[in-house]
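Thanks, everyone. Please pull up the structure on your screens, and I'll talk you through a few spots.

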Amino acid sequence: MVAAAAVFLRWLPHHGWFVGTLVGGAIVTALAINVTQKRRFHRAVRGINQESMPPNVGSTAAVAASVVILAALGIYTVLFLPLQP
Amino acid sequence: MPEDSNTGGPDARGRFTSRILRGGTEPDPRFTLANERTFLAWIRTSLALLAGGVAVEAFMADLLGPGLRKTIAVLLLVLALVIGGGSFFRWLNVERAMRSKTPLPLPLIAPVLAIGGALVAAIMVVFVIARPA
């Protein structure tokens with residue numbers, strides 16, 4: 001996610017402030033994943049220990065949604081945002 | 001409160017998860033974690049395509065014309081979008097199949113990725129061959 005945000009930065013001089021939302025979105029998602037890492041790890045460990053673990057639908061849907069939104073905004077940037085001199 | 005399908009006790013899965021994944025029994029946690037790892041692998045592929053699409057548009061201005069550059073970038077970004085969204089539904093379908101102990105569904109995003117990747121590669125091959133020396 002941070003690598004994707006870094007690549008998005010290359011668009012900043014050409015497409016203006018809108019790309020900042022892409023960079024911000026990717027970094028916020030990466031931070032959210034990083035912050036919740038420990039909690040998810042302990043949940044998995046507890047699940048293996050108790051031999052039963054409910055699947056994490058919310059996190060999975062959130063990660064997929066963030067990638068879909070970033071890709072959609074990328075398509076919008078390529079197709080509809082004019083290049084700035 | 002919904003009942004846990006394994007124990008008959010209170011459901012520890014939460015309301016959202018219970019609504020999305022109804023019925024069946026909780027599979028072995030190792031299978032659930034393996035399914036999650038596969039989902040993350042698809043997401044990595046999607047992110048690589050996303051970065052590739054942006055990189056084509058941002059770094060290949062000297063090599064490719066604006067039309068071709070835009071076409072390849074959009075193709076890669078659409079592929080990233082489809083793979084990213086499809087990976088969640090693949091994960092969900094596999095999770096449902098494991099809960100109900102039915103055969104695992106075929107991943108439909110695999111042929112999509114293969115065809116999309118081949119299409120982009122074919123466009124680049126034609127470009128390299130047709131480009132004046």
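Let's start with K101(B). Just 9 C-beta neighbours sit inside 10 Å, so K101(B) counts as exposed. Keep in mind that this is a predicted model. Where is K101(B) in its chain? It is in the loop that joins α3 (66–100) to α4 (109–130) of chain B. Now look at its backbone. Phi of K101(B) is near 55 degrees, which is a positive value, and this residue is not a glycine.

Go over to chain A. Here the residue to find is E51(A). E51(A) lies in the loop between α3 and α4 of chain A. Its phi is positive too, near 60 degrees, again in a residue other than glycine. Buried or exposed, then, for E51(A)? Exposed, because E51(A) has 11 C-beta neighbours inside 10 Å. The cut-off for exposed is 12 or fewer.

Next, the contact between the chains. How many residues does each chain put in? Chain A gives 30 residues, and chain B gives 38 residues. Stay on the chain A side. Three helices there, α1 (2–9), α3 (18–50) and α4 (57–80), supply at least two residues each. Which one has the largest share? That is α4(A), with 15 residues of the side that touches chain B.

Last point, the make-up of that side. The chain A residues touching chain B split into 23 nonpolar, five polar and two charged.

To recap the two loop residues. K101(B) is exposed with a positive phi. E51(A) is exposed with a positive phi as well. That's my tour. Over to you.

Definitions and conventions: Residues numbered from 1 in each chain as written. Chains lettered and ligands numbered in written order. Predicted model: local features only at pLDDT ≥ 70, side-chain atom pairs only at ≥ 80, totals over all residues. Contact = placed C-beta atoms within 7 Å. Helix = DSSP H or I, 4+ residues; strand = E, 2+ residues; numbered from the N terminus. Nonpolar A, V, L, I, M, F, W, Y, C, P; charged D, E, K, R; others polar. Buried ≥ 20, exposed ≤ 12 C-beta atoms within 10 Å, placed from the backbone.
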